[in-house]
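This report introduces a structure through its helix packing and its nonpolar interior. Please consult the sequence and the model shown here while reading.

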Amino acid sequence: MSSPSHTPTGAALADHRTGPDSAADCRRGSEQLACPPDAMHPASFAKFADVSPFTPVAGSSGRASAAAVETLVVLPVYNEAVIAERSVARIADFAQGHPGMAFVFADDGSRDDTARIIRACVDAIIARDPSLAPRLSFLAGGVNRGKAGILRHTLETLTGPLDQPARPGSPDRFVFIDGDLAYAPEHLLEMARGLNNFDVVIGSRHMS
């Protein structure tokens, strides 16, 4: 996204369905934690204006304490309370082994407890492993925009208006995968490899 145009290299992921996996229980965090419904989360994503949330933060040594994020992965969710805990825990496990990726669960105005559960799970996971901040986060869209709308809203919120150059430090790649994880996160690696050679990559389970 460092080019004059903000049009990102992008990928849409669709591949073979996978079965449910066991995941860490975030219910305790869900009961104890609460956030404003329109808040960015975690705090490192709040009100950053012209500062990219993906820019590595200098530690006490003066050196960057986080690897540069190359790929922004957005997971749109809508009324996914039943599987929200499992999805967040699975993405957190995947993120630990892939520091070049940042993952944002973007709620498209869910009418159930999806937003509350995801906020609390993100809080609990980052409290246990601070290294995942700001690569694991939640964005409440506030209103229902549809998938295309919430994806655009998330990208503009994190990297700036699409008709302007992206903020410095923004990832070079934008990928989305449904928040219910009907497709294994591991397929993201194949998508990333495809983006080394193409501007747009689209996966489909119907191509097997």
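Which residues in H2 are buried, that is, under 20% relative accessible area with a 1.4 Å probe and protein chains only? They are Ala 84, Glu 85, Ser 87, Val 88, Ala 89, Arg 90, Ile 91, Ala 92, Phe 94 and Ala 95. The model is predicted, so that local features need pLDDT of at least 70 and side-chain atom pairs 80 or more, while totals for chains, interfaces and linings use all residues. Residues are numbered from 1 along each chain as its sequence is written, and side-chain values use heavy atoms, without hydrogens and water.

Helices are DSSP runs (H or I) of at least four residues, and strands (E) of at least two, numbered from the N terminus. H2 and H3 pack together as the table shows.

| Helix | Residues | Packing of the pair |
|---|---|---|
| H2 | 84–96 | angle about 35° |
| H3 | 114–128 | axes 9 Å apart |

Axes are lines fitted to C-alpha atoms over the stretch in contact, and angles run from 0 to 180 degrees between N-to-C directions. Where they meet (heavy atoms within 4.5 Å), H2 contributes Ala 84, Glu 85, Val 88, Ala 89 and Ala 92, and H3 contributes Ile 117, Ile 118, Cys 121, Val 122 and Ile 125.

The largest nonpolar core (buried Ala, Val, Leu, Ile, Met, Phe, Trp, Tyr and Cys joined through side-chain atoms within 4.5 Å) has 33 residues; Phe 103 and Ile 118 are among those that touch the most other members. H3 gives the most to this core, seven residues. Beyond four places in sequence, the contacts of Phe 103 include Ile 91, Phe 94 and Ala 95.

Key: Buried < 20%, exposed > 50% of the residue type's maximum accessible area, 1.4 Å probe, protein only.
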